[in-house]
Amino acid sequence: MLQSLRKGAAGWVAKIFFALLVLSFAVWGIEDVFRIARGADNVAEIGERSISVEAYRTAYTNEIRRISNQAKRVITPEQARMAGVGERVLGDLINESAIDTKVAQLGLSVSDEEVAREIQADDTFFGPTGAFDRRTFNEILRQNNLSETQYIALQRSFSVRKQLTDSLMANLAAPETFRQAIHVFNTDSRSITYLALKTEDPASLAAPATDLLRKFFDERKGSFAAPEYRKVAVLSLDPKTLAASKQVSDAELKAYYDANQPKYASLEKRSIEQISFPTIEEARAASEKIKNGALYEQIMAERKLKPQDIDLGDLTKDQMFDKKIAEAAFALPQGQISEPVQGAYSNVLLRVTGVQQQQLKSFEDVKDDIRAVMGEDAARKEVLSIHDKIDEARLGGATLDEVAKTNGLAVREIEALDRDGRGPDGQQVADLPLSAKLLDAAFRADVGGQTETLGEGDAYAWYEVRGVTPPRERTFDEARAAVERRWREEQVGVSLDQRTDAILAELKAGKTMDQVAQAQKLDVEQAETTRLGGAPSITPTQAKAIFGTVVEGFGRTPTDEKGERLVYRVTAENDRPFDPSKPDDSGQVERISQSMGNDVVSALVKQLRTELGAKVNPANVAQVTGSAN
């Protein structure tokens, strides 16, 4: 039976055996160990504690399995030595022993009830009902050669170490200067007036003359050559293909539905009206007028707004672009007008005119969806078993056709496939399993040669290269359709560039945006964008160009995925006041705080290793890793 760590299991095995990931940030190595441990059965000693050969072998073997599982191929001992896996594993074990010494000195412990609670809350062990499942728990332990007693002991060690490290990392906050810099980068914005230019439809161009196309072809003949094609046989395995055959009872379906009802609820929607103001002060002044008897509609009239200008439509909370405004809108009772809201990009008064409450779909409506989910979950466990059988048979010399027949699967043979996954007709070959990995591997393999197992998540694929058709030059007649398609694409690109250059030249010569828009039959539009992009459709790449342009300067953006480009003038640079009392929504401040905490823990471990003294037995280390040193 193959002893490989699986997705899911790998995460907690790593967590337990290398209990605190922060310990490996700066101090996992053993280069600071100069003294030699003399214990015949130990690989290392730190203070009064020792690390046995067997404990090191278990940790080292499980780390090799974890890496092999991630790489989807077997990692050899030589590759592990070159990557320093043995040193890193030993360094982690020494760090854990150092922490354990400190834990013992402080008298820290964790109760049996807390250990049980943590195990039951670990979603690695959840079953089809979405809760802790004893069978799943036992199966994962079996796959990793652990008894329940051993695992509980490992979980207890992890939990008690975490008490110490959590206390060190608690309340560590990033400096305010850093927070302010992050705020400036994320919230500063540019206001622009712009024209949106669209790429012409290539099909709208007049048909080019044959002589023109032939000249175009001759100048680029190499790019129209027929690529190398490979004949590839593929055997794929994933939960979806097996799920249809899985039988799930109505009782199991209902239990899953009851445990996961939030998944089957349609989200609350609100009909929202929004009046925007240039500054928060103007929004506050308008709010005071309303409180003194003015109507919302009067404020609209003062700002020359029509009903369609303020109607955001029926939206869920997640559909609203500005999260601060979304929070205010979904906390507002129907019919009431909000207090002034200072959003990320605008200052607003809101009114909710309608509320569609969240509704739970009935069990009958979602039963088939649940059946598919639970079928896939059941199939996922079977996939692992079939994967092992196929790998074992392949290692024993069985062909792809033989292992497919034995396991009730089918081999798909693709007659011709290029590096981009296209057939000789130029069309993408449909439904290639693990397409990126398959194409890369198939074009590195030899015909009839040994090939590795490909994997991604719960999906696997095995393949054979059964033939190679070398690249060759195509004649003009063979390539004509592709030549014309390329010519048309280049022509519309050239046309857009010329049009853009002409518009920019007119603007820089003094024409107004309105004058140019009228001549080009375009609309003048306005937008505001941060460096990350802006509503409704300014992309981060386009925003980068806008932030590279001075205020009152003109510029162009790259085209987006729809072939649209903006010609713009930057009208304002907007700074958002920094309020240190407000939470950071970007997650960057939390990450830097976490990094600071990691540094504190690393410093403690370094100090403990120095105080306790670490010794290593190189001969016993070599016995496990196979190193000659």
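**Asking why: loops, helices and contacts**

Reader: Aspartate 431 lies in the loop between strand S12 (412–417) and H18. Why is aspartate 431 called exposed or buried?

Author: Aspartate 431 has a relative accessible area of 70%. The scale goes like this: buried is under 20%, exposed is over 50%, and partly exposed is in between (1.4 Å probe, protein chains only). So with 70%, aspartate 431 counts as exposed. One thing before we go on: this is a predicted model, where local features need pLDDT of at least 70, side-chain atom pairs count only at pLDDT 80 or more, and totals for chains, interfaces and linings use all residues. Residues are numbered from 1 along each chain as its sequence is written, and side-chain values use heavy atoms, with hydrogens and water left out.

Reader: What is there to say about phi of aspartate 431?

Author: Phi is near 55° there, a positive value in a residue other than glycine. Glutamate 552 also has a positive phi without being glycine, with a value near 75°. You'll find glutamate 552 in the loop between helix H21 (540–547) and strand S16 (554–556).

Reader: How do you know which label glutamate 552 gets, buried, partly exposed or exposed?

Author: Glutamate 552 has 46% relative accessibility, so this residue counts as partly exposed.

Reader: And what makes alanine 445 buried?

Author: Its relative accessible area is 11%, so alanine 445 goes down as buried. Alanine 445 belongs to the loop between helix H18 (435–442) and strand S13 (454–456). If you skip residues up to four places away in sequence, alanine 445 touches Arg230, Thr451, Tyr463 and Val465; touching, or contact, means heavy atoms within 4.5 Å.

Reader: How far apart are alanine 445 and glutamate 464?

Author: They are 19 residues apart in sequence, and 8.4 Å apart in space, C-alpha to C-alpha.

Reader: Why does threonine 101 count as buried?

Author: Threonine 101 has 15% relative accessibility, so buried is the right word. This threonine is part of helix H4 (residues 85–106). Helices here are DSSP runs (H or I, at least four residues; strands are E, at least two), numbered from the N terminus. Setting aside neighbours within four places in sequence, threonine 101 is in contact with Arg49 and Leu612.

Reader: What makes H4 and H7 roughly perpendicular?

Author: Their axes are 10 Å apart and the packing angle is about 80°. Roughly perpendicular covers 65 to 115 degrees, with under 35 roughly parallel, over 145 roughly antiparallel and the rest oblique. H4 and H7 are therefore roughly perpendicular to each other. On the H4 side, the contact uses Glu96, Ile99, Asp100, Lys102, Val103 and Leu106, and H7 brings Val160, Arg161 and Leu164.

Reader: How many residues of each class are in the contact of H4 with H7?

Author: Five are nonpolar, none are polar and four are charged. Ala, Val, Leu, Ile, Met, Phe, Trp, Tyr, Cys and Pro count as nonpolar, Asp, Glu, Lys and Arg as charged, and the others, Gly among them, as polar.

Reader: Why is H5 called roughly perpendicular to H7?

Author: The axes of helix H5 (residues 112–121) and helix H7 (residues 148–169) come within 10 Å and cross at roughly 100°. That crossing makes H5 roughly perpendicular to H7. Axes are lines fitted to C-alpha atoms, for helices over the stretch in contact, and angles run from 0 to 180 degrees between N-to-C directions.

Reader: Which residues meet between H5 and H7?

Author: Asp112, Val115, Glu118 and Ile119 of H5 meet Tyr151, Ile152, Gln155, Arg156 and Ser159 of H7. By class, that contact has four nonpolar, two polar and three charged residues.
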